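Grab a pencil and have the 3D view ready. Here are some exercises to work through, each with a solution you can follow step by step.

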Amino acid sequence: MRHQKTVTFNPNRHIFRSPKFRSVVNDAIQFFCETPVYPLPPTNRFIGAGVYGLYYLGDCGLYARLADANKQALEQPIYIGKAVPPGWRTARTQETQTTVLYRRLREHARSIEQVGNLQTEDFNCRFTILTHIETDLIGPVEAELIRRYQPLWNCVIDGFGNHDPGSGRYNQAPSEWDVLHPGRPWAERLTGVLPSLAIVTEKVGDF
């Protein structure tokens, strides 16, 4: 039996760093920030997958400071998300005429329409469509946008992007977002212990 030579472990020999990669992601972030702004949901159906941001400009007291800042310049998203093409998670992406990004924005609009203390007309959105090999950037660009802007509904209050868990899974607890904004029919069927409204509200205030 052949014995392998013992090698002293040096973690630096395993860490890959790429300034070029960082540069590409930064270019995508700059492009994202310069894209046109639309109402939520956009009025025109479009093809593509990619990343998106939602911006709040309404008069809900919880988000007053955020809304005031965005009325000056639309710079602070309340939520960042991604919409990936079919097969993306298994590296089997094919070029299709998917409307997954458009549909995702419409899903968010429906969530907001279902609650009693938010209105879709108080939201704007912007998005970047990524196609061909650039679909590989969807995850890194979304992650960098979240790190850079720390959106409230990503980093402090969870649950906005949740879906109906389906029959047999309603023993879960409602999310913090659904405690702040009750009304989604499927969330009202959840039977788990509710997060404390007072604590969740305090988290928003601290943010």
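What follows is a set of exercises on a predicted model, each with its solution.

**Exercise 1: the sheet**

Work out in which order the strands sit in the sheet, and which strands are at its edges.

*Solution.*
- Step 1: Start with the order. Four strands make up an open sheet, arranged 1-4-2-3, with antiparallel pairing.
- Step 2: Look at the ends of that order. Strand 1 (38-39) and strand 3 (79-83) are the edge strands, and each pairs on one side only.
- Step 3: Check what sits against the sheet. Helix 4 (residues 138-149) packs on it, touching strand 2, strand 3 and strand 4. The direction of helix 4 makes about 175° with that of strand 3.

**Exercise 2: the neighbours of strand 2**

Find how many bridges join strand 2 to strand 4, and how many join strand 2 to strand 3.

*Solution.*
- Step 1: Take the strand 4 side. Strand 2 (residues 49-56) and strand 4 (residues 123-130) run antiparallel and are joined by eight bridges.
- Step 2: Pick out partners across that pairing. Tyrosine 56 faces phenylalanine 123 in strand 4, and tyrosine 55 stands opposite asparagine 124 in strand 4.
- Step 3: Now turn to the strand 3 side. Five bridges link strand 2 with strand 3, again running antiparallel. Here leucine 54 stands opposite tyrosine 79.
- Step 4: Ask how covered strand 2 is. Eight of its eight residues are buried.

**Exercise 3: two helices meeting**

Decide how helix 1 and helix 4 are oriented: roughly parallel or roughly perpendicular?

*Solution.*
- Step 1: Recall what you need. Two packed helices are described by the angle between their axes and by the distance between those axes.
- Step 2: Get the values. The axes of helix 1 (residues 19-33) and helix 4 come within 10 Å and cross at roughly 70°.
- Step 3: Compare with the cut-off. Angles of 65 to 115 degrees count as roughly perpendicular, so helix 1 and helix 4 are roughly perpendicular to each other.
- Step 4: See which residues make the contact. On the helix 1 side they include Phe21, Val25, Ile29 and Phe32. Among those they meet in helix 4 are Pro140, Val141, Leu145 and Tyr149.

**Exercise 4: the tryptophan pair**

Describe how tryptophan 153 and tryptophan 177 are arranged, and say which parts of the chain they tie together.

*Solution.*
- Step 1: Begin with the whole structure, where a search turns up twelve aromatic pairs.
- Step 2: Zoom in on one of them. The rings of tryptophan 153 and tryptophan 177 are 5.5 Å apart centre to centre, with 85° between their planes. Planes over 60 degrees apart count as edge-to-face, and that is the label for this pair.
- Step 3: Place the partners. Tryptophan 153 is in helix 5 (residues 152-155) and tryptophan 177 is in helix 6 (residues 176-180), so the pair ties together parts that are 24 residues apart in sequence.
- Step 4: Check their surroundings. Both tryptophan 153 and tryptophan 177 are buried. They also belong to one aromatic cluster, whose other members include Tyr52, Tyr56, Tyr79 and Phe123.

**Exercise 5: cysteines without partners**

Explain why cysteine 155 has no bond to the closest cysteine sulfur.

*Solution.*
- Step 1: Remember that a disulfide is a covalent bond between the sulfur atoms of two cysteines.
- Step 2: Search the whole structure, and the count is zero disulfides. Cysteine 33 is in none; its nearest cysteine sulfur, that of cysteine 125, is 14 Å away.
- Step 3: Do the check for cysteine 155. Its closest cysteine sulfur is in cysteine 33, 15 Å away, which is too far for a bond. The cut-off is 2.5 Å.
- Step 4: Add the exposure. Cysteine 33 is partly exposed at a relative accessible area of 31%, and cysteine 155 is partly exposed too, at 35%.

**Exercise 6: unusual backbone spots**

Find where proline 41, histidine 132 and glutamine 150 lie, then look at their backbones.

*Solution.*
- Step 1: Set the background. Most residues other than glycine have a negative phi, and most peptide bonds are trans.
- Step 2: Go to the loop between strand 1 and strand 2, where proline 41 is found. The peptide bond from leucine 40 to proline 41 is cis, with omega near -5°.
- Step 3: Move on to the loop between strand 4 and helix 4, home of histidine 132. Its phi is positive, near 55°, and histidine 132 counts as exposed at 51% relative accessibility.
- Step 4: Finish in the loop between helix 4 and helix 5, with glutamine 150. Its phi is positive as well, about 45°, and glutamine 150 is partly exposed at 39% relative accessibility.

Note on methods
Residues are numbered from 1 along each chain as its sequence is written. This is a predicted model: local features need pLDDT of at least 70, side-chain atom pairs count only at pLDDT 80 or more; totals for chains, interfaces and linings use all residues. Side-chain values use heavy atoms; hydrogens and water are left out. Rings of Phe, Tyr and Trp (its six-membered ring) pair if their centres lie within 6.5 Å; planes under 30 degrees apart count as stacked, over 60 as edge-to-face and the rest as tilted. Helices (H or I, at least four residues) and strands (E, at least two) are DSSP runs, numbered from the N terminus. Buried means under 20% relative accessible area, exposed over 50%, partly exposed in between (1.4 Å probe, protein chains only). Two strands pair if DSSP finds at least two bridges between them. Contact means heavy atoms within 4.5 Å. Axes are lines fitted to C-alpha atoms, for helices over the stretch in contact, and angles run from 0 to 180 degrees between N-to-C directions. Angles under 35 degrees count as roughly parallel, over 145 as roughly antiparallel, 65 to 115 as roughly perpendicular and the rest as oblique.
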